[in-house]
Amino acid sequence: MSNDKFVARHIGPRGNDLKIMLDKIGVSSLDELIEQTVPERIRLKKPLNLAEGLTERQYYRRIHELASKNIVFNTYIGMGYYDTITPAVILRNVLENPVWYTSYTPYQAEISQGRLEALLNFQTMVCELSGMEIANASLLDEATAAAEAMAMMYNLRSRKMVKSGVNVILVDEKVWPQTLDVLKSRAMPLNIDLRILPLPEFVLDDNVFGVIVQYPNSDGEITDYTGLVHEAHEKEVKVAVAADLLSLAILTPPGEWGADIVFGNSQRFGVPMGYGGPHAAFFAAKKAYKRNMPGRIIGVSKDIYGNRALRMALQTREQHIKREKATSNICTAQALLAIMSGFYGVYHGPEGIKIIADRIFNIASLLDLEISKLDYRQLNTNYFDTLRFALPKYVKREDIEWISHELEMNLRFFENGDVGLSIDETTNLDDINWMIEIFAKAANKPYPTITEYPEGKKVNEKYRRTSSYMAQEVFNNYRSETEMLRYIKKLAHKDISLTQSMISLGSCTMKLNAATEMLPLSWIEFNGIHPFVPKNQARGYHIMMEELRRDLAEITGMADVSLMPNSGASGEHTGLMVIREYHKSRGEGQRNVVIIPSSAHGTNPASAAMAGMKVVVVNCDEKGNIGLEELRVKAKEYRDTLAAFMVTYPSTHGVFESSIIEMCSIIHENGGQVYMDGANMNAQVGLTNPRIIGADVCHLNLHKTFAIPHGGGGPGVGPIAVAEHLVNFLPSHPVMNNGHIGIKAVAGAPWGSASVLTITYGYIKMMGADGLTDATKMAILNANYIAEALKDNYGILYTGKNGRVAHEMILECRHLKAMTGITETDIAKRLMDYGFHAPTLSFPVHGTLMVEPTESESLQELDRFIDAMDSIYLEIKEIEEGKADMEDNVLKNAPHTAEMVSSDDWHHAYSRQKAAYPLDWIRDNKYWMPVGRVDNAWGDRHLICTSGSPEEKELLGAE
């Protein structure tokens, strides 16, 4: 761990490289480039008011000091969060392995087969345990998954229901309180009539479209829902079930008693509590609803050679295509955590998972028996892991609380004075005896010592699972650590991540995720804490989060920050809900119009629709800038109903629009608020900020600008920063006081994905004010260096007033297609042969590539990428000049696998060497794709979303 300044490790180009790069661009200094790029009017007049950057060693001591202020008790609060044991082979080789955590969402299937298989395992495990037909590859958390289920059932209403205005959903009051709060937050803008009632009071009349229940419920009681489901289906009402995934190893799964949707948290499958997250929610449904499911679905397909290949299925469902017509704004999910949970299933297999579930139930049964002997009344008749005790009159709740804390244990305390406890995988004999001791001492009674683990007890036959599950080979082949390790490594070797090469995805900011930033994730002081423990047990967390909020407020120029949103899209929705509530507080609840540029990311209009807003699109001019006059006209047209303007800055086209302040002024003059999408904050930090340009609220992608890794498609964190007049509307929480009193919760945990906030905290503390500003300058330098190098062969679609790009650029490819038939997809696939992940395809302009190098890439890596792009350009010219065939060429046949290149059957007009080693330096670190170009259409026509299914064997001829 270095004593040097961390910024020197984070930024790629060295001091000697700057002159080379500046000369190429044609400027004399970095400051001159910034002056030409960032409009003078919006530049900060003074440096950021942040502490000087720490060295890595200094930061390690600082974060260790904060960790020591967190007190890790044995916690049996439950409520959707449970202690678990992460197998060391998964901890070491997945969570702590940059191959897994630095990869991107698997849009490019050929270089993502490893994580696609890991996610398919997760989907398969969820389907097997829930008894459902199809599952997605994770959602943000259980509470938002409930909201997605609600919206999905609403959109599944029959035409008759829609015509009749049916809009009532019934939700059992014994659903987790945090889930109920998020449901309230999501239902209101969609005009869904959310009725939270005791289950016996449910009336399935003609106004009801859906039902949500919990299994087991929030008290821990297992309820028979078969009659409810039968009645619901007779009346065309859908039923969604929030389920404990581990309990389904021994309880009859909801799919077997007719549920339409099953969702919940997979956290207890090997993912630490982390003070609330991140965790992977699961979401499963009947296959008939496949096109209505939120989130990403991994499916089986084949490549051009007929080999089995995986890819993301049914992508036309996604928000970036459907925009304001989307039924969900989900973009980032929780891929890394889903991968861990899937590997947990592979590691334990069906017999191991059943052993864990049986053991939990047997311990709960023993505690029920022993504590009931002490004059307490256990209220749950049928349960899996949770007991609820009514206290005898002579026992005070405060006594139990005091004794439990003396023994460093946290129990659940109900509002009416009852005490609950939820058993988990980690509960041992000592814990059993301590729990009995707590209740015995509070009642002043003697108590026994338990010396053997209980066994042999089974759940009520009425609720007992009899069906088998997880019989697929993948869940039964890897029992030794050696075999498990090799399986994880086999999958890792199939993928491109930042460990292989630069990932130049535009609008994604694939920067360094430094090892020092990542280290605390594995510390029990951060990952072993339940989100609902008393705050004095999480002092280190709260000091860290308070400092982080202050730093992010300083960076954005805003007054305060909410850390709750679990993704950028969630941040967008939260920001719009804050604006909506602000307008309502001023008696202007009619304001429901959001103006959005045509170039915006698809999550913007999708989030607006979810917030109950009407989307009005403003077009861009031929230079890629938002049409200022059109904006002025539309703002005036809707001045009585204008709620907000959503704008990305720098623009999605990769330029600093010089008229941004005027745009924001137009919106304010017409009664609206300005929401700035923070996707491109990597070009702002230290040079300008959202408040200066006129924004009232912005979200930040901590998984972009602030160094949290992408994890193959999550976790992401999307906190929102707001101006002073919006502070009182920031989201609150129903269980914990999170410091805000505004709208209902937008995530299940009070502080969102708290454990990964340590990464951003470390990044800011080690970079310091100067380092953060230097990083922004270098991101702009790297982008302009690539733009200058590639502009002649490809062309840069949009530039700013002085011919500069911001931190990313759009490469023009459409002229190449016109000349040769080569598409941007062909270029992307050919780049894989050079060892690179493709840039962003056809966004925000169809037929183009968007490139963002970030500040972390060295001059050598930039030059390798440029060499690869120039080499591909020459390959395209060969086609244009007739030297290469229009169809049988290295681009149309890309990517080239080792099997293809080494085959005896080679009939191509070009050489094997040209296919595999087009440039000499590739030999030193050759990446071989495991599959050829994937046939996406075939996979959508034959939708297979689980591993080892009979359909797969039949269609692909698998053994």
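**View 1. In this predicted model, strands β23, β25 and β24 form an open three-stranded sheet in that order, with antiparallel pairing.** The edge strands are β23, residues 809–812, and β24, residues 840–841, each of which pairs on one side only. Between β23 and strand β25, which covers residues 848–851, the antiparallel pairing runs over four bridges. Two of the residue partnerships can be followed here: I810 of β23 has M850 of β25 as its bridge partner, and L811 has L849 as its partner in β25.

**View 2. The side chains of β23 point in two opposite ways.** In a regular strand, side chains alternate between the two faces of the sheet. In β23, M809 and L811 point one way, whereas I810 and E812 point the other way, and all are buried. The charged residue name in this set, E812, is therefore to be read together with its neighbours as a buried position, since burial here stands for under 20% relative accessible area.

**View 3. Two loops next to strand β25 carry backbone features worth inspecting at close range.** In the loop between β24 and β25 lies P844, and the peptide bond that leads from F843 to P844 is cis, with omega near 0°. In the loop between β25 and α28, the helix of residues 859–880, lies T854. T854 has a phi near 65°, a positive value in a residue other than glycine, and T854 is buried, with a relative accessible area of 1%.

**View 4. A cis peptide bond and a positive phi value are found in two further loops.** The bond that joins G714 and P715 is a cis peptide bond, with omega of about 20°, and P715 has its place in the loop between β21 (697–699) and β22 (720–722). M470 belongs to the loop between α15 (429–443) and α16 (481–492), where its phi is near 55°, which is positive although the residue is not glycine. M470 is buried, with a relative accessible area of 0%.

**View 5. Y81 and F532 form an edge-to-face aromatic pair.** By the ring-centre rule with its limit of 6.5 Å, the count for the model comes to 28 aromatic pairs. In the pair shown, the ring centres of Y81 and F532 are 5.7 Å apart and the planes stand at 80°, over the 60 degrees required, so the pair counts as edge-to-face. Y81 lies in the loop between β1 (74–75) and α5 (88–95), while F532 lies in the loop between α18 (524–527) and α19 (539–556), so the pair ties together parts that are 451 residues apart in sequence. Both Y81 and F532 are buried.

**View 6. Further aromatic rings meet one another or a charged side chain.** W906 and Y910 form an edge-to-face aromatic pair, with 5.7 Å from centre to centre and 90° between the planes, and both W906 and Y910 are buried. One aromatic cluster is made up of Y60, Y275, W523, F526, Y541 and W751. Charged ends also sit over rings: that of R359 sits over the ring of Y453, 4.4 Å from its centre, and that of K926 sits over the ring of Y917, 5.7 Å from the ring centre.

**View 7. Helices α3 and α25 pack against each other at an angle of about 80°.** Helix α3 covers residues 30–37 and helix α25 covers residues 757–790, and their axes are 10 Å apart. An angle of about 80° falls within the range of 65 to 115 degrees, so α3 is roughly perpendicular to α25. On the α3 side of the contact are L30, D31, L33, I34 and T37, which meet K777, M778, I780, L781 and N784 in α25.

**View 8. N416 is an exposed loop residue.** N416 lies in the loop between β14 (412–413) and β15 (419–422), and its relative accessible area is 52%, which is over the 50% that defines an exposed residue. N566 is 150 residues away from N416 along the chain, and the C-alpha atoms of N416 and N566 are separated by 32 Å.

Note on methods. Residues numbered from 1 in each chain as written. Predicted model: local features only at pLDDT ≥ 70, side-chain atom pairs only at ≥ 80, totals over all residues. Heavy atoms only, no water. Phe/Tyr/Trp six-rings, centres within 6.5 Å; stacked < 30°, edge-to-face > 60°. Buried < 20%, exposed > 50% of the residue type's maximum accessible area, 1.4 Å probe, protein only. Lys NZ or Arg CZ within 6 Å of the ring centre and 35° of its normal. Pairing = 2+ DSSP bridges. Axes fitted to C-alpha atoms, helices over the stretch in contact; angles between N-to-C directions. Parallel < 35°, antiparallel > 145°, perpendicular 65-115°, else oblique. Contact = heavy atoms within 4.5 Å.
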